[in-house]
Amino acid sequence: MSPRANSAPLFDAGIVKTAAVDAVRKLSPRSLVRNPVMFVTGVVAAVVTLVFARDAVLGSPDTLFTGQIAAWLWFTVLFANFAEAIAEGRGKAQADELRKTRSDTPAKVLLHPDDANDDLWEKVSATDLRVGDVVLVEAGDFIPADGEVVEGIASVNESAITGESAPVIRESGGDRSAVTGGTEVLSDWIKVKVTAKPGSSFLDRMIALVEGAERQKTPNELALSILLSGMTLIFLIAVTTLWGLAGYSGTVLPITVLVALLVTLIPTTIGGLLSAIGIAGMDRLIRFNVVATSGRAVEAAGDVDTLLLDKTGTITYGNRLATAFIPVPGVSETELAEAALLSSLSDETPEGRSIVALAKGNYGQSETDVSGRQPTAIAFSAQTRLSGIDIDGRSVRKGAVDAVLGYAGQTMDGAASAFRDAVEAISQSGGTPLAVAEGNKLLGVIHLKDVVKPDIKARFAALRAMGIKTVMVTGDNPVTAAAIATEAGVDDYIAEATPQDKLAYIKSEQAKGRLIAMCGDGTNDAPAWAQADVGVAMQTGTQAAREAGNMVDLDSNPTKLIEVTEIGKQLLMTRGSLTTFSIANDVAKYFAIIPALFLATYPQLGALNVMQLSTPQSAILSAVIFNALVIIALIPLALKGIAYRPVGAAALLRRNLLVYGLGGLVVPFIGIKLIDLAVSALHLA
Amino acid sequence: MTFIGWLQIAAVLLAVLVAARPLGLYMAKVFQSERTLLSPVLAPLERAVYAAAGFKPEREQTWLSYTLAMLLFNAIGFLFLYVLMRLQGVLPGNPQGFAGVSPDLAFNTAVSFVTNTNWQSYAGETTMSHLVQMTGLTVQNFLSAATGMALACVAIRAFARSGTTTVGNFWTDMVRATLYVLLPLSIVVAVAFLLTGLPQTLAASVDATTLDGAKQTIALGPVATQEAIKQLGTNGGGFFNANAAHPLENPNAWSNMLSIWSMLLIAAAFPFTFGKMVGDVRQGRALLIAMAVLLISAVTIVYWAETSGNPLLATAGVEATAGNMEGKELRFGQAMSALYVVVTTGLSCGAVNAMHDSLTPLGGLVPMFLIQLGEILPGGVGSGLYGILVMAILTVFVAGLMVGRTPEYLGKKIEAREMKLAMLAVLVLPLAILVFTAISAMLPAALSSLNNAGPHGLSELLYAYSSAAGNNGSAFAGLNANTPWFNTTLGIAMLLGRFAYVVPVMALAGSLMAKKKTSSSQGTFPTHGLLFIGLLVGVILILGGLQYFPALALGPIVEHFLMHAGQTF
């Protein structure tokens, strides 16, 4: 995780100040109308304000009461606006940080990009670049736009985006060719072909997303707003018709109390916090160094059923490493380790280096300096398929089993049975056996295998607990793949995978109604990427993959999908739990307000006044105040989100129901009572 | 409350459960056009119907053309009934020589029988000719029930099918529902009713001389057959004005229990059909348990409230051990009256064997609230199932969000479009019930129909519109509803409650049908366990309670407190 994560405090003085101003600005009808619940609250607040003005002019005894109700209704709207503004403010703070890096450096556009030897360039403002232009970026220059390296190699500081201070290498061809606008070339030079229009570059999109400017309601958010609007309509019907029913019963209900009843009943709590929850979710994602192209993608990540992972670089380190030396009878482990070490001293391949490391580490071989002993290194070649060293009259060789057998003048059948068994066992387990010989004496076998990253099994267990099935994609043969799959604890694997295989697998999973996510660097995967529902591309991946994915992981850590999924789930859980809380609150509000409304006509309804609220006006005012304050009280929860635990849906629901359902029933009874005590102590009503 | 009383209640409910399971599985076969036990007899008949009507039974319709066919069919049914009633004076089959029915009453009655409400603003035996009763009302008893069943089938298929645009064929579903389910069942039940002593004749009436020597005309008619389909189809429209309290419509304890059993039967069978058709019987069982929990709680409250009686009567010196027996029949007793009250309103049946107006305030609150919950416990034939599915969708939506997944029910994702349609459906009842009640409560012309003042009068109004919009049809009575205002507005409420509700539900079914079924995982919230049942019950109660609490507070709730303070109306 980068240093950026967890850095910002929940409430920063500067952000709060700006948000307070924004809260007032957001009172404009055009802004309010986007939120039906708050729009209704705003409209009725205006109505009560007019009633208050009338009362004040006429000197009605209810003036103080009406004034307070009007004030608290406005506060309700303001608090909701404030919640949204503070979430946006936190996003903006991040965006500003990003924007600083996007200084408008002039780009050096090559005039003759087709001629590799002609480096004649012209200065053009980065904003005037077009897709297809090729620019030269030299040490000290900022890369002016997203693009692909077409020539050269350079070290680039991408900390502006990734928060990672170590520079990365970017070169033409391969999977390290994508560069991002706003990053700085530290050494050497590259020629970059521009792939994104100015203003729609990666950084621009990132800024727009965190600022919430491009924020559209996500599908679940939309569905929830419909539920909330529907509830608002239902309560509008219930409260309006109550006027008629009360009239029949001989009570004329003043508009102020009807409005108070309406506003306390409609789901203002969740309605007020809904957009703050959404913005905070995106913000949290970026703190984890993942950029999503849309909120929709984040929600989809919360629904993922199956995750496809490339084996190489994700599950395993990507190179075969030596893990054991198995000597033949009559040869000690130390002798074999020493021979293996000698044979690999000049072997610069990862396998060779891992043999040296193993011999020195687990087998206690000391640092060997052979430079004074005039060694002759025998390099690996495709013909001989072995390498080694001639030193002090000894000829030590290691290599493919049959090649070494041939070198030693032996046959498989003639070799010791322990040797044959070891070779067999290693092959069976998906590893690669390397034989070691000195002269014509066979010493033993080196076990090379694809080493699974140490913490990966726990990560997959966490995914399984969340209900996500993991599938390993590898080009290995089925035996090797099965062995690694078992070791890493994945649920399934695709061996000898071709792009068609991956595509077919994704399609068949989708046909079973599953949502598929794919993680990887995206080389050769375009069709599969396009087919998958969620694609998390690595920042180190190709530009094409980054474009095709719904998300880009700036840390290039494929198991990051766990965090992304958690954030997606948190987002929904926070919305769902606050909705439950909001609706459950209504029960207490009825018990506060209904007896208060009809106390004059039906004093017997006082039996419903279970909270023993002091006066009818105090009861109504307390309910309205509680309704407004609960929004403020829940802002931190909306911003942080509800903690997700991978314990299965039923357990999760039980817990959230207990906390937010039961809590939602009980808390307002206590809260309204306390406010009532305060209101009557202060003689406010 | 007595042990014997509870034993009777348990026996009837158990008898329903025993019969509902095989019937539900049988209906699943019927609606999947599979071979059934009765196929050898009925299949030729079915083919003859298709041949006569000249259509292909396997031709599937989209939700829209299915719904349009249903609306067209009901419109024709309405027109036929309306004209029949208006012209009954000049038509044959009218031995009593009744005159044509007034326009507003004909409108109200036609709507009432088409929408499976069977609200009766009139006294059947003194208003409708035998021809109207048999070719109009009884036929609609079958057709409105079959319509409900067909619509429920579409709702079930929405979850059973995956990624299709067609929802079935309305005409096939209608024919099969009538032919394979309603007809055989009503023959069996009618015979059973005959055995318990219900009359079945085409004679007009008999004259009897009472002990005092006075001449009394006792109305007769084809009672047993109409009674069978009235209960089975949760129609509830009685042959006699006194409905199931009438000694010829419900002569004894056996006929009473048979009535309760037969009205619960199909509605209780539908959850089994649902479970079978969606391929997971546990899903249907969960819905049935939720219905049963609420229904039995309601019975408990009514039984308790009625046996506790009215404290005012006790102080007035009335023998109070039996509780509140006003408006109840001694031959049924408290337990079977309480069960009847709850079942007839938990279902959208609306047949009554006791005067709901005479129930204690809390005893009267329960049936009213059961109707307002949307007639889903277990609701009308078919309509109860699609009603509770809408509630299940709302439940799953909130629950799904709380477990951090796009909400899904039986593998179908509940998204913005589904929520929109579900909320549209949910809005219909409060709109129809509360708006009409509030207007009537302020309208002098409406108030003059009330027999009681104060909160009890308000209860009468609220009950009438709840009953109409919920397509229940039972009356609290105490309200003279045969006026142009009530006939018209109650008729509109019935239309809204049936069609304004079902059109969005059909669109919802169409939208779900088109979705691919997603597979469930550990992250999916299971909808067959106790947690879901509890949550569903909670959502039904809270949603219903929040909508109607203010209205109920001014009606039965305040009346309850006033009664204990010594005031009556």
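**Exercise 1. Determine which residue takes a positive phi in the hairpin of E3(B) and E4(B), and how the two strands pair.**

Solution. The model is predicted: local features need pLDDT of at least 70, side-chain atom pairs count only at pLDDT 80 or more, and totals for chains, interfaces and linings use all residues. Residues are numbered from 1 along each chain as its sequence is written.

Step 1. Strands (E, at least two residues) and helices (H or I, at least four) are DSSP runs numbered from the N terminus; two strands pair if DSSP finds at least two bridges between them.

Step 2. E3 (residues 205-209) and E4 (residues 215-219) of chain B are antiparallel, with five bridges; B:Ala208 is partnered by B:Gln216.

Step 3. Five residues lie between the strands, and B:Gly213 takes the positive phi, near 90°.

**Exercise 2. Describe how H9(B) and H12(B) cross and which residues meet.**

Solution.

Step 1. The axes of H9 (residues 253-277) and H12 (residues 333-346) of chain B come within 10 Å and cross at roughly 25°. Axes are lines fitted to C-alpha atoms over the stretch in contact, with angles from 0 to 180 degrees between N-to-C directions.

Step 2. H9(B) is therefore roughly parallel to H12(B), a class for angles under 35 degrees.

Step 3. In contact (heavy atoms within 4.5 Å) are, among them, B:Met257, B:Ile260 and B:Leu264 of H9(B) and B:Met336, B:Leu339 and B:Val343 of H12(B).

**Exercise 3. Identify the edge strands of the seven-stranded sheet of chain A.**

Solution.

Step 1. The order in this open sheet of mixed pairing is E8-E20-E19-E18-E9-E16-E17.

Step 2. E8 (290-292) and E17 (492-494) of chain A each have a single partner strand, so one side of each lacks a neighbour in the sheet.

Definitions and conventions. Chains lettered and ligands numbered in written order. Heavy atoms only, no water. Parallel < 35°, antiparallel > 145°, perpendicular 65-115°, else oblique.
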